[in-house]
Amino acid sequence: MEQWGFVGRTDELARLRSVATSDSERGLILSGAAGIGKSRLLHEAVSPLPADGRAVYFASATTASSGLPFGGLAQILPPDPPAGLSPAGLLRWAVDGLHADAGGRPTVLAVDDAHLLDPPSAALVHLLVREGATLLATLRAAEPVPAPITALWTEGLVDHAEVAPLSIDESRALLNTMVGGPVEIGSARRLCHLGGGNPLLLRELIMAALRGGALLQAYGFWRWTGRLALAPSLAELVDARVGSLSTGVRDVLEMVSLGEPIGLQVLLRAADPADVEAAEERGLIRVDRDERRHDVRLAHPLYGEVVRRRCPVTRSRRLLAKLADLVETAGGRRRDDLLRVAVWRLDSGTAQDGALLLDAAGQAFARFDVPLTRRLASAAYEAGAGYPAADLLATALLFADEADAALAVLDGAPDDGVRRMTARATVEFFGLGRTEAADDLAAVTLTDPADAARAHAVEAFLRLQIGQVPHARELASLVADAPEASTPARGLAKCVLSLLAALSGDQDGARALLTAAGAETIAWRRDIPALQYALQMAEGTLVTVSLDLPAIDRILAAEFADLAQAGGFGFGSAWVSLLQSRAAWMRGRTDEALRAVEQACATLSMASVYDGSAHFARAIIAAQRGDHPLARASLTIAEAAAARPSGLYYAWRQQARAWTQACAGDVTGAVRMLLELANRLREDGFHAIELIALYDLVRLGRADLVADRMAAMAPTVGGRAAPVLIRHATAGTDGGTHLAVARDLSALGYQVYAAEAAAGAVRIFRAARDAQALAASTLLADVLARCDVLRTPALMAVQPTLTVRERQVAELAAGGVRSREIADLLFLSPRTVENHLQRVYTKLGVNGRNELAPALRLLPQ
C-alpha cells in the first residue's frame, strides 16, 4: 500500500516529457489540489531522462525551507557559497555553479511545490529559465505563488496547466493496483466517487478500509462493505483543504453536506447569499447547471463525510428540518423531492406522515436502494402506514438476505389475508429455499376470486422456478384471462407466460407480454413488491436465449443497469453482470466476460439466495478458454450451491458440465450430456434453449446428429440468430456455406461462433487442398484478432503443432525470404529447408508460400 503503480495521466506525462526534451519550449508548470498526483507525475516525467543528454536537477520545496534563503533549492546547490556576496552576487554564483556542473548539457530544472519556494530560490529559478534552462514545476492550487514564478507564465516564458482529477476509469485502475487485485464494480464506483479523482485521498480511504476490515475479498474480487472509516490522517487531509470557516460559511457547508444536491434558490433562501458566495469562492462548493436548474454540491465528496460527522446532532436536525420545510413550501417540483424530503424528515425527527414515508420507500425500492427502502418502510410502519409498509419492509429484508427477520415482520403485522400469505410464501421460497411454499399456497382454499387469482399468480411464479412448467403455465393462463384478477396479479402472470414464451422460442409473444406487464409496473410494485424483479428476470431470459446482442446492449445502457451496478441490490447487480458477461463472450471478448461473471460471483457470494448460476456461467467461459482447473473449480462451487430452487435453469448447469468435460478432452462424454439435455428441453418445450444446446453439438463437430432436428425447428424459434445457426448445422461438407455462415455470424457480432464456422471451412478446404483455404484462413485470423483467449475443440483442430524449426522456417518463408536465404540464416541446406516447408504445408493444409501467413496467424504464439 505504500507504493503503487503509476496509472493514467498519459497526456500530462507525454506533455511534460515533450517539454523536457524540446529545443524550443522553455517549461511547463502544473497546478492542482493537494494529493491530486502532481509530485508523482513530475517524478515519472523526470526520472527516465538520460543523464548523459541533459543535466537534470530535482528539488522539492517545503514549508520548513520556505523561510531560509535558497532553502528551496539547497538540494541542488553547492554547499558553501563564498562569504561577503551581495544578494545579486549570490544569484550569479548559484547560476554559474549550476552551469558549470551541467558541463554544457541542456539544463532541466524540476521543482516540486514551487509555491513554497523562498524569495531567493524563486528568483534563481526565474533567472535560470531566462538563461535557457527548462523548468518543470508543480504548484498547489489556491496557494499564493512567489512573484518570480508567476511572472514566468504571465510573461510567456513557460506554459501553465491545471492537473485535473483522475477519471473514473483511471481511479479504478489505481484502486486495483492499491489493493493488488480487481475490485467489485459497485464498490469501485462508490470508493472512486468518494476519492473524487484524488489519488492521495483514495489511498487514505483504502488504507482505512483495509485496517477496519471494510474491504473483503471473495472469488478474487475485493468488495467494500460500505462502512467508511475516517482515519485521523484522512480527516486531517480534509481539514487542511477546508481550512478555518466563519459561522455562516460553516452553515452553508453543513447544509449542502446534509442535503446535496440542493437547488441554488433553496440554498439562497436558507442561508446568507454572501456566505454562499464565499463558500463557492473558496472552492468548498460548486454550482452545476442542468438546463434551467442550478444545483449546489460539495466540491469534494469527502467534505460531506467529515462535515456530517462533526456537525452536532441538534444542529444537523435543525438544518434538515429547515431544508424539508423550504422544499415543501416550494412545492416539491423535482422528481426526487418526495424521497429527499422524506429522508430529511426522518433524519430530523419531524417525520409524522406514514403515507409520505411509504411512498418514499416505494420510490427507493424502484431505485433498488435496499438499505434506504428498509429504513423508510420501517419508519412508515411505525408511523401507522399499516400492512403495505410491513410488506415492503419484509421485501427489503428478503433482498438483504434476512429472511427470518422478514418473516417476523410479516407475522407481527396486521393480518391482510391473502396478501400476507403470498408474501410469506415468497420469503420462504426465495429466502429459505422452501420449495414446499408453492404447495402451501395451493393447499389454501380461497373463496374470493381476486384473492384466488393473486395466490395462483404467485404460485405460478414459484412453480416455474422449480421447473414445474405445465402447472405454472396453467395457473398463469387462468390469472391472465381472469377478469376478477387484480392488475398486479395479471402483471405477474404475464411475466410467467412471457418467460415461458421466451424459452419456447416465441420471441414476439414474449415481448408483447413483457410490454403489457411493464405498463402495469407501478401498481404491481405497490402491491407485490417482492416480485418486481420477475419483469427483469423475464426480459433477461428473453434476450439471453434469443442471443439478442442489441437488446442486451440496450439493457446494459439503461438506467436500471447503472442503479444496480451502484451496489446495494445484489440480485440486480449480478443480473447485469451476467448479461454483460454473455454479450462479451459472444463477441469473443473472453477476458471481459470472465471479469463480468466473476463480478456476479462476488456479488452473490454475500447472499444465501443463490442457485449457482454465476458459477455455471463462469465454468462455461473458463472451459472455452481452455482453462480446465478454473472450469472444474467453478463447477464444483456451482454444484454445491445448486440445492436452491433452480429447476428452471437446469440447462445452464448441464451445459457447464458438458463444456468442462470437453475442455478435459472428453468430447464424447460432452456430446452425450448435450444430447440428453436437448431431449429434455424438447420434452419441456424449451425450444429456444434446445436450439442452443443442439448448436453446441455442431460446435463440437457432431452436426450429423442434430442437423435434421435443427432444420425442423426453423418455423418454431424466432430471432435473427436462429436461421444462421440452422444454416451452419445443415452445411455438411460444403466449405463455401461454412465460410458464408462465418461471415454472417461475424457481421451479427457472434465472433466465437464465427471463428468456429470459419475453422470448419478451413478444415474442409485444407482436406481438399482447395485454394479457398486462403480466404477461410484469412477470415479466421481476422476474427480471432478481435477475440481474446479461445481454446474450443473446433479452433484447436485447425491449430496443428509445428516444431520450433518448422515454425522458424515457415515464418521466414511467409515473410518473403527465399529458401536459399533461409538456409544461410539458419545454417541449413536448401534441401532441408524445402523438406521443412513441405511438412509445414501438409500440417497446415496449404498449397504454398502465399497461404502461409494467414495459416500461421491461427497458431498459438
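A residue is called buried when its relative accessible area is under 20%. The structure treated in these exercises is a predicted model.

**Exercise 1. The chain as a whole**

Determine what share of the chain's residues is buried, and describe the extent of the chain.

*Solution.* With the cut-off of under 20%, buried residues account for 53% of the 861 residues in the chain. The C-alpha atoms, taken along the principal axes, fill a box of roughly 105 × 95 × 45 Å, and the chain contains 46 helices and 10 strands. The accessible surface comes to about 35400 Å², with 53% of that area belonging to carbon and sulfur atoms. Finally, of the contacts between residues at least 6 apart in sequence, 67% join residues at least 24 apart.

**Exercise 2. Helix α8**

Check whether the span of helix α8 agrees with its number of residues, and establish how far the rest of the structure encloses α8.

*Solution.* Begin with the length: α8 covers residues 199–211, and its 13 residues, at 1.5 Å a residue, should span 18 Å, because the expected span is 1.5 Å times one less than the number of residues. The end C-alpha atoms are 18 Å apart, in agreement with that expectation. Next, consider burial: 10 of the 13 residues are buried, so α8 is largely enclosed by the rest of the structure; among them are Arg203 and Glu204, as well as Leu205, Ile206 and Met207. Then turn to the ends, where Asn198 caps the N-terminal end through a side-chain oxygen that lies 3.1 Å from the backbone nitrogen of Leu200, while Gly213, which follows α8, has a positive phi near 70 degrees.

**Exercise 3. A three-stranded sheet**

Identify which strands stand at the edges of the open sheet that contains β8, β9 and β10.

*Solution.* The order of the three strands is β8-β10-β9, with antiparallel pairing. β8 (262–263) and β9 (285–290) each have a single partner strand and stand at the edges, so one side of each is left without a neighbour in the sheet. For the pairing of β9 with β10 (residues 293–298), six antiparallel bridges are found, and Val287 has Val296 in β10 as its bridge partner.

**Exercise 4. Nonpolar cores**

Describe the largest nonpolar core and name the helix that gives the most to it.

*Solution.* The largest nonpolar core has 165 residues, and those with the most contacts inside it are Leu376, Met710, Leu745, Tyr753 and Leu780. Helix α24 (residues 487–504) gives the most to this core, with 11 residues. Leaving aside residues up to four places away in sequence, Leu376 touches several residues, including Leu339, Val343, Leu346 and Leu357. Another core, of 52 residues, lies apart from the largest one and includes Ile206, Leu215, Leu267 and Leu302; Ile206 is also one of the buried residues of α8.

Methods:
Residues numbered from 1 in each chain as written. Predicted model: local features only at pLDDT ≥ 70, side-chain atom pairs only at ≥ 80, totals over all residues. Heavy atoms only, no water. Helix = DSSP H or I, 4+ residues; strand = E, 2+ residues; numbered from the N terminus. Buried < 20%, exposed > 50% of the residue type's maximum accessible area, 1.4 Å probe, protein only. Polar contact = N/O pair within 3.5 Å; in protein donor to acceptor, adjacent residues only side chain to side chain. Pairing = 2+ DSSP bridges. Contact = heavy atoms within 4.5 Å. Areas by Shrake-Rupley, 256 points an atom, 1.4 Å probe, with all protein chains shown as cover. Core = buried A, V, L, I, M, F, W, Y, C linked by side-chain atoms within 4.5 Å.
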